[in-house]
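Trainee: I am new to this structure and would be grateful for a close look at a single part of it. Could you begin there and then follow its connections outward?

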Amino acid sequence: MTDSAPRSDPASSSEPPEPAPSPGPVTGRGEGLGVFDKALLDRCISCGFCLPACPTYALTRQEPSSPRGRITLMRALESGDLAPDDPTLAEESSFCLGCRACEPVCPAGVEYGQLLEQWRDHQWQGRDRPLIARLLMAAVSRPWLLRLQGLVRRHARERRPASGERKRERSVSLMLGCAERGLYPSVSRAVRELRPEVAVPTGQGCCGALHAHNGDSAAGAGMARALGERLPGTVVTTSGGCAAHLAHHLGRDRVRELSEYLEATGHRPSGRVTVGGRRARVALQDSCHLRNGLGVTRPPRELVAAVAEYVELPGAGDCCGAAGTYAMLRPEDSRAVLAPKLEALRKLDVDYVVAVNPGCLRQLRQGLRRTRSRTKAVHLAELLAMAARSEPGAGPGTEPGPGTDAGPAAG
């Protein structure tokens, strides 16, 4: 697996091609290699509804770079019609963002995200797994290293150890994301400002989403279950990607993304976010897995609208190109996916764009900084905490500069 330059859109492909006739399941040779769950693989009817939703197909207009085309490749691998070391298999398993935008539009209900995990479980083994992914997976597998980040970066933590009775009373646990606790510790601190009753148990490890998306879904499932055992009650997460992964393994009833939790508990945002004495204009970028995997889109928008002037971002549901490790594994392709979003933000000229996933937050901040945009990217928790502090006697003002506790450069 190697990085590649961004794919160019052929000049002759200004209009998407007509969907190809359905080839049906590939029969190939024998019973198959057993790489994929046959029931999942056979569910695809090759209708082509997924093509317009796919960000990599939008870049190339090439069939193999669409969900339908990749499923055709999966069938060819399973049947033995393509050798496991075929370069097209390696390239397309890497080029896919894993955003799952194809799932909501699929009339057959294909669970593409699971198929992609199975594909990478087979394709990304040993040295065939990208080096950066191997290093990151090794790092987050060490809870002591994650805890060390907290000592340095000061993410949210319990002020005093909870007694057995208090532990039983506090049935909501905040999950500290493995990347977020180091990169953006102000996010977890903002959650505790908003909802002090949420516990922050010590000794948390990674949820395993990183492993699941990079060729080791078995380890990813085990890490999710282990984390679920360490976090009592409802698990609240500030990461849309972690929420989808944990919900799959712990059950939907146990896992809540922050905006879901705030809505379910009747949280009413206080204060407002202002810029230059006026109500701030704020857009929102969806988390792909939160939107496409869990179907959560309304709660974060309503929370933003309660404290600022909400402005819908065209293409808010389209992937920003972060996609977990993707921005590091394929930086040029990642930037190509992000480019239309940066242009849309430039035209909107909003004050803030809100993210509900740390990877998206990092991607947006880097892109906005690179283009010298005046728009600042913040996490939803940070925006709501900024608004709450505007209440009389609540603390710092609502227009933080770079490097302040709630500002875009915080953490």
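Mentor: The part chosen is strand S6, which pairs with strand S8 in the parallel sense over four bridges; two strands count as paired if DSSP finds at least two bridges between them. Strands (E, at least two residues) and helices (H or I, at least four) are DSSP runs, numbered from the N terminus. This is a predicted model, in which local features need pLDDT of at least 70 and side-chain atom pairs count only at pLDDT 80 or more, while totals for chains, interfaces and linings use all residues. Residues are numbered from 1 along each chain as its sequence is written, and side-chain values use heavy atoms, with hydrogens and water left out.

Within the pairing of S6 with S8, Leu284 has Val354 of S8 as its bridge partner. S6 also pairs with strand S7 (residues 309-310), again in the parallel sense, here over two bridges. In that pairing, Arg281 is matched with Glu309 of S7. Four of the five residues of S6 are buried, and the strand is mostly covered. Here buried means under 20% relative accessible area, exposed over 50%, and partly exposed in between (1.4 Å probe, protein chains only).

Val282 shows what surrounds this part of the chain. Leaving aside residues up to four places away in sequence, Val282 touches Val304, Ala308, Glu309, Tyr310, Val311, Tyr352, Val354 and Leu383, where contact means heavy atoms within 4.5 Å.

Val282 and Val354 also appear together among the residues with the most contacts inside the largest nonpolar core, a group that further includes Met175, Leu246, Val273, Leu345 and Leu383; this core has 69 residues. Its largest share, seven residues, comes from helix H21 (residues 380-388). A second, separate core of 22 residues includes Val35, Leu51, Leu73 and Leu89. The term nonpolar core denotes a set of buried Ala, Val, Leu, Ile, Met, Phe, Trp, Tyr and Cys residues joined through side-chain atoms within 4.5 Å. In soluble globular proteins, nonpolar side chains tend to be buried together.

Charged side chains are found close to S6 in sequence as well. Asp286 forms a salt bridge with Arg301, with the closest N and O atoms 2.8 Å apart. Asp286 lies in the loop between S6 (281-285) and helix H16 (288-293), whereas Arg301 belongs to helix H17 (residues 298-307), so the pair ties together parts that are 15 residues apart in sequence. A salt bridge is defined as a side-chain nitrogen of Lys or Arg within 4 Å of a carboxyl oxygen of Asp or Glu. Asp286 counts as buried at 3% relative accessibility, and Arg301 is buried too, with a relative accessible area of 13%.

A further salt bridge involves the loop before S8. Arg374 and Asp349 meet there through their side chains, at 2.8 Å from N to O. Arg374 is in the loop between helix H20 (358-370) and strand S9 (376-379), and Asp349 in the loop between helix H19 (331-348) and S8 (352-355); the two are 25 residues apart, and the pair links distant parts of the chain. Both are partly exposed, Arg374 with a relative accessible area of 40% and Asp349 at 38% relative accessibility. Through shared partners, salt bridges join Arg278, Asp349, Asp351 and Arg374 into one network.

For context, the whole structure holds 21 salt bridges. One of them joins Glu92 to Arg70, the closest N and O atoms being 3.0 Å apart. Glu92 lies in helix H4 and Arg70 in helix H3, so this pair ties together parts that are 22 residues apart in sequence. Both Glu92 and Arg70 are buried.

Helix H3 itself is largely enclosed by the rest of the structure, because 12 of its 13 residues are buried. Those buried residues, Leu73 and Arg70 among them, pack against helix H1 (38-42), helix H2 (55-60), helix H4 (87-95), helix H5 (102-105) and helix H6 (112-123). Just after H3, Gly80 takes a positive phi of about 90 degrees.

Finally, another set of parallel strands may be set beside S6. Three strands form an open sheet in the order S1-S2-S3, with parallel pairing. Strand S1 (172-175) and strand S3 (255-257) stand at its edges, each with a single partner strand, so one side of each is left without a neighbour in the sheet. S1 pairs with strand S2 (residues 234-237) over four bridges, and Leu174 stands opposite Val236 in S2.
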